[in-house]
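Here are a few exercises to work through with the model open in your viewer. Try each task before reading its solution.

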Amino acid sequence: MLSQLSAQKTRKPGERLFCLLLVLGSVYLFWQAYSIAGFSELSSAGAFPMAASAVMILASSIIFVNTLKLPAAEGVRFIYHCFPPVVAIIMALILVYAVILENLGFILSSFLFLFIAIQFLYRRSVLTTLSITLLALIVVYIIFRLVFQVVLPEGIVPERDIIASIKALWR
């Protein structure tokens, strides 16, 4: 893998912009780390984040300069190679999920999102997709709602009533 990267003689579409964004992001992280405690002491709270972000600035700058030297690859299109339709579809699903989450609630919107995404990506029987979706949703719900007690959007499913009924069974 490393030999493939070092043997790369062309630059893919969007690579210069991505490398520039890495440099700018690293500078921003350094600024945020500096705002923790400044250059007050080597043992201050911001010392390690500043050192890590300084290494990020150095590495991303070297990569950016090397990328500027490379010629553009021929016959490579951004939409096809860097942003294929499957990525656009999943991003659209995530956007729809974010929009409907508050109104439908966590359980129903997550079920719909997981079912559609798994069916689209995995392409197995509806029963298999339904099983995977329910298992994943149950595990996520138990971990976040019951173990960590994260308040999730309730929406149209009367979640509090269901939890109260389940707790009443255990009494």
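**Exercise 1.** Find which residues Leu137 is in contact with, leaving aside its neighbours within four places in sequence.

*Solution.* Start at Leu137 and skip those sequence neighbours; what's left in contact is Phe106, Ile107, Ser110, Phe111 and Leu114. Keep in mind that this is a predicted model. Next, zoom out: Leu137 is one of ten residues in the largest nonpolar core, alongside Ile90, Leu93, Tyr97, Phe106, Phe113, Ala117, Tyr141, Leu152 and Ile163. Finally, look at who supplies this core: helix 5 (85–104), helix 6 (106–122) and helix 7 each give at least two residues.

**Exercise 2.** Decide whether Thr67 is buried or exposed, then work out what surrounds it.

*Solution.* First, place Thr67: it sits in helix 3 (residues 47–69). Then check its relative accessibility, which is 4%. Buried means under 20%, so Thr67 counts as buried. Now follow its side chain, which reaches the backbone oxygen of Ile63 at 2.7 Å. Setting aside residues up to four places away in sequence, Thr67 touches Arg11, Glu15, Arg16 and Cys19.

**Exercise 3.** Classify Val147 as buried or exposed, and find how far it is from Ala72 in space.

*Solution.* Val147 belongs to helix 7 (residues 126–147). Its relative accessible area is 55%, and the cut-off for exposed is over 50%, so Val147 is exposed. From C-alpha to C-alpha, Val147 and Ala72 are 51 Å apart, with their positions 75 residues apart in sequence. For the wider layout, the chain is split into domain 1 (7–78) and domain 2 (84–170), and the C-alpha centres of domain 1 and domain 2 lie 36 Å apart.

Note on methods. Residues are numbered from 1 along each chain as its sequence is written. This is a predicted model: local features need pLDDT of at least 70, side-chain atom pairs count only at pLDDT 80 or more; totals for chains, interfaces and linings use all residues. Side-chain values use heavy atoms; hydrogens and water are left out. Domain bounds come from an automatic or database domain assignment. Helices (H or I, at least four residues) and strands (E, at least two) are DSSP runs, numbered from the N terminus. Buried means under 20% relative accessible area, exposed over 50%, partly exposed in between (1.4 Å probe, protein chains only). A polar contact is a pair of N or O atoms within 3.5 Å; within protein, one must be able to donate a hydrogen and the other to accept it, and residues adjacent in sequence count only if both atoms are side-chain atoms. Contact means heavy atoms within 4.5 Å. A nonpolar core is a set of buried Ala, Val, Leu, Ile, Met, Phe, Trp, Tyr and Cys residues joined through side-chain atoms within 4.5 Å.
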